[in-house]
Structure formats: C-alpha cells, structure tokens
Amino acid sequence: VRLDEDTGIVVKEGSFQVFGSGAVYVADGSAISYTNVGEEGYDRTLCLFDVRLHVLANGSSFHMLSRTPVRGTA
C-alpha cells in the first residue's frame, strides 16, 4: 500500500477508507504467476507477472480480507 501526500486511511473492521486529495495504491500479489525475486543475482531488474493494482480516491474503501475495492461516494 502506498499513500499520496495529503492522503490517509482509516482502518476499521477489516477494511480501510481513503480520505484526502490524493490516492492510495494497493498492489495485490495474491495471484502472481512468476517472479524472479528468489533467483540469484541482485543486479537483476524485478520481474512480476499477474499483479493487480487498485488506485483508490477519496471516499473509496478496500476490504482487506476479500481484497475488494469499493467505489466511494465522495
């Protein structure tokens, strides 16, 4: 999870809601089909397949257990 400047989240009961003028970025790696992270060679460029990215604005929320974003009303 990454938060823009002037942006925050409130966590409550397994979900969080976004507040502020920026965005919150959630990278969901639960379905990664390939990564080179465990391979030797620290000078390699990171390689990831099948990563989901959610970009949430003010008023949006995210259910952490189901990994589901919900559109905000703000």
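**Exercises on a predicted all-strand chain**

**Exercise 1.** In this predicted model, Ser60 is in contact with Phe16, Gln17, Val18, Val70, Arg71 and Gly72, once its neighbours within four places in sequence are left aside. State where Ser60 sits along the chain and whether Ser60 is buried or exposed.

*Solution.*
Step 1. Place the residue: Ser60 belongs to the loop that links strand E7 (52-56) to strand E8 (61-63).
Step 2. Take the relative accessible area, which is 10% for Ser60.
Step 3. Apply the cut-off: buried means under 20%. Ser60 is therefore buried.

**Exercise 2.** Describe the secondary structure of the chain, then decide whether the chain is more spread out than a compact globule.

*Solution.*
Step 1. Count the elements: there are nine strands and zero helices.
Step 2. Read them in sequence order, which gives β-β-β-β-β-β-β-β-β.
Step 3. Compare the radius of gyration, 15 Å, with the 11 Å given by the globule rule for 74 residues; the chain value is well over the rule, so the chain is more spread out than a compact globule.
Step 4. Add the dimensions: along the principal axes, the C-alpha atoms fill a box of roughly 45 × 25 × 15 Å.

**Exercise 3.** Summarise burial, surface and charge for the whole chain.

*Solution.*
Step 1. Burial: 22% of the 74 residues count as buried.
Step 2. Surface: about 5,500 Å² is exposed, with 52% of it supplied by carbon and sulfur atoms.
Step 3. Charge: the side chains include 6 positive and 9 negative ones, and the centres of these two sets are 9 Å apart.

How values were computed:
Residues are numbered from 1 along each chain as its sequence is written. This is a predicted model: local features need pLDDT of at least 70, side-chain atom pairs count only at pLDDT 80 or more; totals for chains, interfaces and linings use all residues. Side-chain values use heavy atoms; hydrogens and water are left out. Helices (H or I, at least four residues) and strands (E, at least two) are DSSP runs, numbered from the N terminus. The radius of gyration is taken over C-alpha atoms; the globule rule is 2.2 Å times the number of residues to the power 0.38. Buried means under 20% relative accessible area, exposed over 50%, partly exposed in between (1.4 Å probe, protein chains only). Accessible areas come from the Shrake-Rupley method with a 1.4 Å probe; for residues, only the protein chains shown count as cover. Lys and Arg count as positive and Asp and Glu as negative; His and the chain ends are not counted. The place of a charge is taken as NZ of Lys, CZ of Arg, CG of Asp or CD of Glu. Contact means heavy atoms within 4.5 Å.
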